[in-house]
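Colleague: Got a minute to walk me through this one? I'd like the layout before the details.

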Amino acid sequence: MFQTRLLSKSQVQSLITMSEVLDAVEKTFKGMGDGTVINPTKVNLDLGETASYPPYGGFMNAMPAYIGWLDTAGIKWAGGFFERKKHGLGYITSLILLIDPKMGNFKAVMDGAHITNLRTGAQSAISLKYLHPDKNIRIGLYGAGMQGHTQTMAISQIFNIEKLCVYDISPDAAKKYAEDMKNVVQGEIVIAKDPKEPADADAIICVTQSKDKFLKNEWIKPGTIVFPMGSYQECDDDFILSADKIIVDHVGQCLHRGALKELCEEGKISERNIFATIGEIVAGKKEIKRNKNERILCIPIGTGAMDIAVATIVFQKAESKGIGGTYEFE
Amino acid sequence: MSTLLLTRSEINELVAMPEVIETVEKTFKGMGEGDVINPPKVHLDLGDGNSGLPYRAGMNAMPAYVGWQKIAGLKFIGGWEGNPSKGLPYLSGMIFLVDPQDGRFLAVMDGTLITNFRTGAQAAVALKYLIKNPKEPIIGLFGAGAQGRTQALAVCTAFNVKELRVYDINLNASRVFAEEMTQKVNVPIKIMDKPEDVTRGCDAVISVTHAKNQFITNEMIGRGVTVLPLGSFRECADDLILSVDKIIVDNIEQCLHRGTLKAVVESGKLNRSNIYATIGEIVAGKKTGRESAEERIMCITIGMGALDVAVASLIYEKALAKGVGATFSFV
């Protein structure tokens, strides 16, 4: 009865640009602040990432959302599995499903990995747009993988990156990153030998799988904005507890996954320590008057709302260009 | 890497109630034994709650891992109150299956028919452990819609039903139901004029309605009867809920906060200590179901993603074996 559009990863890639993603992410942050986006806390299916059973070392997150400015709804079901790397696959596996909120019919099923990478980059770039009013910026980057690339692409579209210092536990990965990004980054790219080096920056971006709290409080200078984007805790407890402002994308989610999880479980961090959400800042509900010596911890860990918004733009373009397959599930 | 796509009509060709009942029973057993992972479902309010959206709808995301099948999956499903009047189905749902080793998407399939089948099967499995007269039971059914049909099919598959009584607020719906289902289940179907005629002398009563008016009263339910109120709202009177001998649920957390028990829990008249057991514990042999012919038992299943994932996996394996369905490479 209803046609569902099917889109592969390469089709999604051909249909969306970073500047469109930045636009969608900014509008969706605003919607989150205005209350026109509905984004329940994601539900995790632990397939051995932290649980002792089952033994697969992976997880899947279910992330449904409704986006008012696009009048669209859907879900991303995405996860990470180390096993995938052995087969030459990306760490992330992901599908996005879009529905028409008026009747519930399924509009599209598409690969979600590319959208996830782009929107994760765009989330930090849009946050920085509101936290760092200067056009010029110096970036410190930990993690030279796929996420490192998309973070850089997104930031370079909004800022003039004067200098980018990158560190990766794999020197080859850092070298490849520097080669890939030399035409994206406006200024110089420096490959750090010591993990301390990238911390001397206006903004520090961490996109690693690290669990060992490698980013030390004493490395982080006054005035720095830190984005720990990994699934585990990348910065040490002292920094989290002494940062002047903590800003997150989704309070419920950020307290239970990633940088704040452990301290939240220990009762050292709670909702009261969160200064604002990014949505409140973008929507103008909370003003961020920055003292230039303030150290800010900003955690856009990722919301389904961003995925559904970007996927809807992809779907609209696929419809108008006739790209992808169609299928009648009902 | 290709993903199998299955339509509702393909699933309809592949699905068989006896296998669904067997799959549901094994999965309940897994829940009781602890090898099923079923996190609480997450709800997306599209106007069925306080979101202020105009769609009178909501979606649930229900992920699960089923140990005995070594499969993970997610059902995303919701109901649109306004759809039936537009000639559209009330339910809209999809199921994804992934390989838990590496997260590959194995299948994307319609989820509505599987939901109806597993909802029927979970009642049939529960009754296997709870019904007073398993030999030739008399079964009462409230609600002659799509769910009523799969309930009838499931219970008549699991038991040698002596008589199936049906009541619907829309008499015509009951007539169409009887016409359609008598052949299918090969059981005499009686259309009843009043709800109390359904329950008089019956062994079990299954309710699948949208009622909020607590029409199943305490007086209607005699000694030894098993009641399965499966609607999302309020089908049972408070004094019935508070006076039955055993309350059995599929999932304690879910059942305390939705459907039948929600209001009595919120008013403080009932709490988790009043829940006798989960169906999983009973199927796994950790708790005894019915212990006497006198007991009045209430069994409430709100539905768990694990059952959908398990049945979807059964359908997926059959589709592969028979070469049914199309494929698409998302990656």
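Modeller: Here is a quick tour, from domains to odd backbone spots.
Modeller: This is a predicted model, where local features need pLDDT of at least 70, side-chain atom pairs count only at pLDDT 80 or more, and totals for chains, interfaces and linings use all residues. Residues are numbered from 1 along each chain as its sequence is written, and chains are lettered from A and ligands numbered from 1 in the order in which they are written.

Colleague: How is chain A divided into domains?
Modeller: Domain 1 covers 4-115 + 305-327, and domain 2 covers 125-302. The bounds come from an automatic or database domain assignment. Taken over C-alpha atoms, the centres of the two domains of chain A are 23 Å apart.

Colleague: How many residues does each domain of chain A put into the contact?
Modeller: Domain 1 of chain A gives 15 residues and domain 2 of chain A gives 18 residues. Contact here is two residues whose C-beta atoms, placed from the backbone, lie within 7 Å. On the domain 1 side, helix 2 (residues 18-34) of chain A gives the most, with 10 residues. Helices (H or I, at least four residues) and strands (E, at least two) are DSSP runs, numbered from the N terminus.

Colleague: And the make-up of that domain 1 side?
Modeller: The residues there are 6 nonpolar, 5 polar and 4 charged. Ala, Val, Leu, Ile, Met, Phe, Trp, Tyr, Cys and Pro count as nonpolar, Asp, Glu, Lys and Arg as charged, and the others, Gly among them, as polar.

Colleague: Switching topic. Is strand 5 of chain A mostly covered or uncovered?
Modeller: Mostly covered: strand 5 (residues 72-81) of chain A has 10 of its 10 residues buried. Buried means 20 or more other C-beta atoms within 10 Å of the residue's own, exposed means 12 or fewer, and partly exposed lies in between, with C-beta atoms placed from the backbone.

Colleague: Which residues point which way from strand 5 of chain A?
Modeller: Thr72(A), Gly74(A), Lys76(A), Ala78(A) and Gly80(A) point one way. Ala73(A), Ile75(A), Trp77(A), Gly79(A) and Phe81(A) point the other way. In a regular strand, side chains alternate between the two faces of the sheet.

Colleague: What does strand 5 of chain A pair with?
Modeller: Strand 4 (residues 58-67) of chain A pairs with strand 5 of chain A, antiparallel, over 10 bridges. Strand 6 (residues 92-99) of chain A also pairs antiparallel with strand 5 of chain A, over 8 bridges. Pairing requires at least two DSSP bridges between the strands. Lys76(A) is the bridge partner of Met63(A), and Ser94(A) is that of Ala78(A).

Colleague: What sits between strands 4 and 5 of chain A?
Modeller: A turn: the two strands form a hairpin with 4 residues between them. Asp71(A) in that turn has a positive phi of about 45°.

Colleague: What is the strand order in the open sheet of chain A?
Modeller: The order of its 8 strands is 10-9-8-11-12-15-13-14, with parallel pairing. Strand 10 (188-191) and strand 14 (276-277) of chain A are the edges, each pairing on one side only. Inside the sheet, strand 8 (residues 136-142) and strand 11 (residues 203-206) of chain A run parallel, joined by 4 bridges. Tyr142(A) has Cys206(A) as its bridge partner.

Colleague: How many residues go into the contact of chain B with chain A?
Modeller: Chain B gives 44 residues and chain A gives 43 residues. The chain B side divides into 29 nonpolar, 10 polar and 5 charged.

Colleague: Why does Gly111(B) count as buried?
Modeller: Gly111(B) counts as buried because it has 27 C-beta neighbours inside 10 Å. Gly111(B) is in the loop between strand 7 and helix 3 of chain B. Leaving out residues up to four places away in sequence, Gly111(B) touches several residues, including Lys75(B), Met94(B) and Asp308(B).

Colleague: Last topic, backbone oddities. Where is there a cis peptide bond?
Modeller: Between Tyr53(A) and Pro54(A), with omega of about -10°. Pro54(A) is in the loop between strand 3 (43-47) and strand 4 of chain A.

Colleague: Which residues other than glycine have a positive phi near 50°?
Modeller: Lys213(A) is one, and Gln214(B) is another. Lys213(A) lies in the loop between strand 11 and strand 12 (225-228) of chain A. Gln214(B) lies in the loop between strand 11 (204-207) and strand 12 (226-229) of chain B. Lys213(A) counts as partly exposed because it has 19 C-beta neighbours inside 10 Å. Most residues other than glycine have a negative phi, and most peptide bonds are trans.
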